[in-house]
Amino acid sequence: MVVTKKIGLRTMGECDLIDITPQVRKEVSSSGINSGTVTLFLAGSTAGISTIEFESGLLSDFQSMWERTVPRSIPYEHDRRWGDGNGYSHVRASLLGASLVVPFTDKTLALGTWQQIVLVDFDNRPRSREVVLQIMGE
Amino acid sequence: MVVTKKIGLRTMGECDLIDITPQVRKEVSSSGINSGTVTLFLAGSTAGISTIEFESGLLSDFQSMWERTVPRSIPYEHDRRWGDGNGYSHVRASLLGASLVVPFTDKTLALGTWQQIVLVDFDNRPRSREVVLQIMGE
Amino acid sequence: MVVTKKIGLRTMGECDLIDITPQVRKEVSSSGINSGTVTLFLAGSTAGISTIEFESGLLSDFQSMWERTVPRSIPYEHDRRWGDGNGYSHVRASLLGASLVVPFTDKTLALGTWQQIVLVDFDNRPRSREVVLQIMGE
């Protein structure tokens with residue numbers, strides 16, 4: 001059995017992290033599927049999906065890591081050719097990854113107590129985003 | 001068809017890598033499912049799942065990469081607010097990712113010869129961990 | 001329903017990126033499955049799978065990020081013990097990840113307009129690679 005859902009979001013960009021756990025939980029619980037997996041996929045090349053303990057200290061630490069590893073302030077070939085100014089956003093998204101798969105049993109996600117599912121938007125401006133949820137199982 | 005299994009482990013923390021390939025192989029082979037995918041998911045926000053050629057040189061190289069990219073010795077907001085001292089563990093886990101999906105056919109995992117599935121525990125102390133295996137297919 | 005396909009490729013190594021979107025699209029479209037997920041898995045420990053906007057500026061930016069984060073020019077224990085000279089390739093592959101899961105509906109992949117699926121080969125020499133596609137759904 002396969003059920004497809006979409007979560008629409010407005011993001012602020014610049015490593016904006018949005019906790020989508022409540023929406024994922026709700027869609028899985030109302031899908032009619034008892035056990036299986038929910039595949040979360042971000043359509044787009046400047047954002048990704050991961051999990052984190054969603055507290056403001058860690059959000060800041062996560063953002064600092066990206067600034068060290070894929071800095072905004074160095075030159076990017078993408079920007080030189082296209083003038084988008086978001087070369088760093090693309091590189092960050094490719095490293096983080098566009099998909100996450102979370103198992104569930106008895107309609108309950110296999111998340112840890114302090115583990116939330118997040119959309120991470122690396123783009124350099126506010127965006128409308130859509131996360132696809134493919135819920136599969138029996 | 002969906003079969004849920006769990007692998008329980010004791011880890012040492014500080015980028016402890018544990019080869020869980022034998023357990024995954026055993027659970028897939030005894031699941032009654034011939035072809036499909038096994039989704040591995042780590043419930044928790046200071047550890048993750050990946051693959052690596054499991055030899056001691058590379059385990060050390062992998063740990064050195066984490067120490068360069070997300071060092072223990074710099075200040076973290078998470079630690080300042082909560083005093084946990086494991087801010088770096090959280091950031092590393094969010095970058096590595098909590099899920100891995102491995103296809104199998106005729107009960108055989110699609111792994112390379114020198115490719116093992118590993119739990120990576122980034123926490124700053126020994127932990128009890130549980131990896132969820134969602135085995136799906138026909 | 002489960003359909004297994006394989007994409008065979010010749011790569012050049014040294015962070016060679018190959019756009020495999022057309023092949024994935026074709027296999028999903030001819031699989032007989034309407035809605036579900038395609039799991040892409042790279043068998044091997046020196047390459048991985050991700051998504052990127054496939055234009056030459058970003059390919060270069062992505063390669064520069066790897067050279068900063070996991071440089072070729074520093075010593076690796078793997079190379080000291082085995083003389084392979086590709087310690088950096090292994091570490092990069094473990095960080096990027098071996099699997100990607102893409103949902104599809106009405107035989108259409110949930111990709112963004114500027115988002116392509118890529119095999120990333122980090123090895124230090126040309127290789128023959130095989131990407132496994134596990135297509136599941138109904």
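The following chat goes through the chain arrangement, the interfaces and selected strands of a predicted model.

User: How is chain C placed relative to chain A? What turn lays one on the other?

Analyst: A turn of 120° with a shift of 0.0 Å along the axis lays chain C on chain A, and the RMSD is 0.0 Å. The two copies are thus related as by a three-fold rotation axis.

User: Which residue of chain C comes closest to the rotation axis?

Analyst: That residue is Thr69(C), whose C-alpha comes to 3.9 Å from the rotation axis.

User: Do tell me about the surfaces then. What share of the contact residues of chain C recur in chain A?

Analyst: The share is 14%; the copies use different surfaces.

User: How many residues are in contact between chain C and chain A?

Analyst: On the chain C side there are 29 residues, in contact with 28 residues of chain A. Several elements of chain C each supply at least two residues to that side: β3 (36-42), β4 (47-52), α2 (56-69), β5 (99-105) and β8 (127-137).

User: Which element gives the most?

Analyst: Helix α2(C) gives the most to the side of chain C that touches chain A, with seven residues.

User: And how does that side divide by residue class?

Analyst: The side of chain C that touches chain A has 13 nonpolar, 13 polar and three charged residues.

User: Staying with α2(C): at what angle does it pack with α4 of chain A?

Analyst: Helix α4(A), residues 87-96, packs with α2(C) at an angle of about 65°, and their axes are 10 Å apart. The crossing of these two helices is right-handed.

User: Which residues meet there?

Analyst: From α4(A), the residues are Gly87(A), His90(A), Val91(A), Ser94(A) and Leu95(A); they meet Leu58(C), Asp61(C), Phe62(C) and Met65(C) of α2(C). By class, the residues of this contact are five nonpolar, three polar and one charged.

User: Now the contact of chain B with chain A. How many residues, and from which elements?

Analyst: In this interface, 28 residues of chain B are in contact with 28 residues of chain A. The elements of chain B that each supply at least two residues to the side touching chain A are β1, β3, α3 (77-82), α4 (87-96), β5 and β8. That side of chain B has 13 nonpolar, twelve polar and three charged residues.

User: What is the packing angle of α2(A) and α4(B)?

Analyst: Helix α2(A), residues 56-69, and α4(B) pack at an angle of about 65°, with axes 10 Å apart. Helix α2(A) passes α4(B) in a right-handed crossing. In this contact, Leu58(A), Asp61(A), Phe62(A) and Met65(A) meet Gly87(B), His90(B), Val91(B), Ser94(B) and Leu95(B).

User: Change of topic: in what order do the five strands of the open sheet in chain B run?

Analyst: The order is β1-β8-β3-β5-β6 in chain B, with antiparallel pairing. The edge strands, each pairing on one side only, are β1 (2-11) and β6 (108-109) of chain B. Helix α1(B), residues 21-29, packs on the sheet and touches β1, β3, β5, β6 and β8 of chain B; the direction of α1(B) makes about 35° with that of β8(B).

User: How many bridges join β3 and β5 in chain B?

Analyst: Six bridges join β3(B) to β5(B), and the two strands run antiparallel. Among the bridge partners, Val38(B) has Val102(B), and Leu40(B) has Leu100(B).

User: Why is β5(B) described as largely enclosed?

Analyst: Six of the seven residues of β5(B) are buried, so the strand is largely enclosed by the rest of the structure.

User: And what joins β5(B) to β6(B)?

Analyst: The two strands form a hairpin with two residues between them, and Asp106(B) in the turn has a positive phi of about 50°. Strands β5(B) and β6(B) pair in the antiparallel sense over two bridges, with Thr108(B) in β6(B) as the bridge partner of Thr105(B).

User: Back to chain C. Is β4(C) covered or exposed, and on which faces?

Analyst: Strand β4(C) is mostly covered, with six of its six residues buried. On one side lie Ala47(C), Ile49(C) and Thr51(C), and on the other Gly48(C), Ser50(C) and Ile52(C), so both faces are covered by the criterion that a residue is buried if 20 or more other C-beta atoms lie within 10 Å of its own.

User: Which strand pairs with β4(C)?

Analyst: Strand β7(C), residues 116-121, pairs with β4(C) in the antiparallel sense over six bridges. Within β7(C), Val120(C) is the bridge partner of Gly48(C).

Note on methods
Residues are numbered from 1 along each chain as its sequence is written. Chains are lettered from A and ligands numbered from 1 in the order in which they are written. This is a predicted model: local features need pLDDT of at least 70, side-chain atom pairs count only at pLDDT 80 or more; totals for chains, interfaces and linings use all residues. Copies are superposed by least squares on the C-alpha atoms of residues with pLDDT of at least 70 in both. Two residues are in contact if their C-beta atoms, placed from the backbone, lie within 7 Å. Helices (H or I, at least four residues) and strands (E, at least two) are DSSP runs, numbered from the N terminus. Ala, Val, Leu, Ile, Met, Phe, Trp, Tyr, Cys and Pro count as nonpolar, Asp, Glu, Lys and Arg as charged, and the others, Gly among them, as polar. Axes are lines fitted to C-alpha atoms, for helices over the stretch in contact, and angles run from 0 to 180 degrees between N-to-C directions. A crossing is left-handed if the near helix is turned anticlockwise from the far one by less than a right angle, and right-handed if clockwise. Two strands pair if DSSP finds at least two bridges between them. A residue is buried if 20 or more other C-beta atoms lie within 10 Å of its own, exposed if 12 or fewer, and partly exposed in between; C-beta atoms are placed from the backbone.
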